[in-house]
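Me: I'm in my first year and still learning to read protein models. Could you take one part of this one and walk me through it closely, then show me how it fits into the whole?

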Amino acid sequence: MIGGAEAAQAFGPLVARIERAILSLGDVGRVHVSRWGDGGAHFHVWLMARPLGMLEAKNFMLPLWEDVLPNVTDEELREAAERIAVRL
């Protein structure tokens, strides 16, 4: 396990790689990076793709739209995850 300074140094490049992999899926306008947690010692980071052209989901609004956006099938989700994994 890497320590605090090493983890911090590796975090930025890792997030940038993940962002590029998600953007490579196409139809993604932006990748939002958020940190949410319960206030404990955990560090939860979420990377969420905003659909291309969906400007009403900018900034903090994207998580609020999650409930009304159409669900993707398990197959579509699996395919996207596999494409992202290949890019990483």
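Reply: Happy to! Let's start with Trp65, which touches Met54, Glu56 and Ala57 once residues up to four places away in sequence are set aside. Keep in mind throughout that this is a predicted model.

Where does Trp65 sit? Look for helix α2, where Trp65 is found. Is Trp65 buried, exposed or partly exposed? Its relative accessible area is 27%, and because buried means under 20% and exposed means over 50%, Trp65 counts as partly exposed. For a sense of distance, try Ser24: Trp65 and Ser24 are 41 residues apart along the chain, and their C-alpha atoms are separated by 22 Å.

Now follow one of those contacts. Ala57, which Trp65 touches, is also in contact with His32. The place of His32 is in strand β1, residues 28-35. Which residues does His32 meet, apart from its neighbours within four places in sequence? They are Trp46, Leu47, Met48, Arg50, Ala57, Lys58, Asn59 and Leu62. Why does His32 count as buried? Its relative accessibility is 15%, and the limit for buried is under 20%, so His32 falls on the buried side.

For a contrast, turn to Gly53. You will find Gly53 in the loop between β2 (45-51) and α2 (62-65). Gly53 has a relative accessible area of 58%, and because the cut-off for exposed is over 50%, Gly53 is exposed. A second distance to try on your screen is the one from Gly53 to Arg20: the two are 33 residues apart in sequence and 18 Å apart in space, C-alpha to C-alpha.

Another loop residue worth a visit is Asp27, in the loop between α1 (4-23) and β1. With a relative accessible area of 63%, Asp27 is exposed. Its backbone is worth a look too: phi of Asp27 is near 55 degrees, a positive value in a residue other than glycine.

Let's step back to the whole protein. How many helices and strands are there? The count is three helices and two strands, and from the N terminus on they run α-β-β-α-α. The C-alpha trace spans about 40 × 30 × 20 Å along its principal axes. Of the 88 residues, 14% count as buried, and you have already met His32, which counts as buried. The accessible surface comes to about 6900 Å², with 58% of that belonging to carbon and sulfur atoms. Among contacts between residues at least 6 apart in sequence, 35% join residues at least 24 apart. As for charge, there are 9 positive and 12 negative charges, and their mean positions are 9 Å apart.

One last stop is the largest pocket, with a volume of about 1000 Å³. It is lined by 23 residues, and the closest to its centre are Leu25, Ala49, Val72, Leu77 and Ala80. Which element gives the largest share of the lining? That is α3, with seven residues. Both β2 and α3 (74-87) supply at least two residues each. Try colouring Trp65 in α2 and His32 in β1, then look for the pocket residues, including Leu25 and Ala80.

Terms used
Residues are numbered from 1 along each chain as its sequence is written. This is a predicted model: local features need pLDDT of at least 70, side-chain atom pairs count only at pLDDT 80 or more; totals for chains, interfaces and linings use all residues. Side-chain values use heavy atoms; hydrogens and water are left out. Helices (H or I, at least four residues) and strands (E, at least two) are DSSP runs, numbered from the N terminus. Buried means under 20% relative accessible area, exposed over 50%, partly exposed in between (1.4 Å probe, protein chains only). Contact means heavy atoms within 4.5 Å. Accessible areas come from the Shrake-Rupley method with a 1.4 Å probe; for residues, only the protein chains shown count as cover. Lys and Arg count as positive and Asp and Glu as negative; His and the chain ends are not counted. The place of a charge is taken as NZ of Lys, CZ of Arg, CG of Asp or CD of Glu. On a 1 Å grid over the protein atoms alone, a cavity is a set of points where a 1.4 Å probe fits but cannot get out, and a pocket is an open set with protein on both sides within 12 Å along at least five of seven lines; lining residues have an atom within 4 Å of a point. Grid points are joined across faces, edges and corners, and a volume is the space filled by probe spheres set on the points.
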